Amino acid sequence: MNKQVIFNLPVKDLDKSKAFFSALGFSFDPRMSNESAAFMIIAEGSIHAMLTAEAFFKTLIDKPVVQAKEANEVVICLICESRDEVDALIAKAVAAGGRTPHPPEDHGFMYDQGFEDLDGHLWNLVWTAPQA
């Protein structure tokens with residue numbers, strides 16, 4: 001069975017969020033997008049996010065929407081192919097208006113850094129050394 005991950009993220013301004021993630025190199029499937037949500041492709045065929053306008057997101061749940069700039073419930077972690085890819089994506093995120101909540105961490109066998117997107121969602125980018 002081909003399993004895929006699709007997670008929903010509430011966003012304040014859908015157009016600004018699409019522009020932010022486009023600047024990081026992610027693309028969108030217009031067939032599964034409208035004025036309330038945008039289907040973002042992170043890794044073709046396996047990892048996707050539905051950027052969902054907060055007003056619409058509220059119709060999908062029966063609890064308050066967490067304001068990610070004030071509190072976080074999850075950190076989204078993406079595995080990168082190299083340290084350079086980690087650094088390049090972080091640079092793109094910062095240039096597009098994101099921020100880094102901590103400096104890079106280099107453990108020798110593992111390198112990571114995170115960024116906060118426009119809505120405060122935390123993303124962690126990780127590279128690990130291949131097994132010797």
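Me: In this predicted model, which helix holds Ala91?

Reply: Ala91 is found in helix α3, which covers residues 83-95.

Me: Is Ala91 buried, partly exposed or exposed?

Reply: The class follows from relative accessible area, with partly exposed lying between the limits of 20% and 50%. Ala91 has a relative accessibility of 46% and therefore counts as partly exposed. As a further point of reference, its C-alpha atom is separated by 19 Å from that of Met110, 19 residues apart along the chain.

Me: How many disulfides are there?

Reply: A disulfide is a covalent bond between the sulfur atoms of two cysteines. In this model the count comes to 0. Cys77 is in no disulfide, and its nearest cysteine sulfur belongs to Cys80.

Me: Why is the sulfur of Cys80 not bonded to that of Cys77?

Reply: A pair of cysteine sulfur atoms must lie within 2.5 Å to count as a disulfide. The sulfur of Cys80 is 8.4 Å from that of Cys77, so the distance is too far for a bond. The surroundings can be stated as well: Cys77 is partly exposed at 42% relative accessible area, whereas Cys80 is buried at 7%.

Me: What pattern do the helices and strands of the protein chain follow along the sequence?

Reply: The protein chain has 3 helices and 8 strands, arranged in sequence as β-α-β-β-β-α-β-α-β-β-β. Its radius of gyration is 15 Å, close to the 14 Å that the globule rule gives for 132 residues, so the chain is as compact as a globular protein of that length.

Me: What share of the residues is buried?

Reply: Buried residues make up 40% of the 132 residues in the protein chain.

Terms used:
Residues are numbered from 1 along each chain as its sequence is written. This is a predicted model: local features need pLDDT of at least 70, side-chain atom pairs count only at pLDDT 80 or more; totals for chains, interfaces and linings use all residues. Side-chain values use heavy atoms; hydrogens and water are left out. Helices (H or I, at least four residues) and strands (E, at least two) are DSSP runs, numbered from the N terminus. Buried means under 20% relative accessible area, exposed over 50%, partly exposed in between (1.4 Å probe, protein chains only). The radius of gyration is taken over C-alpha atoms; the globule rule is 2.2 Å times the number of residues to the power 0.38.
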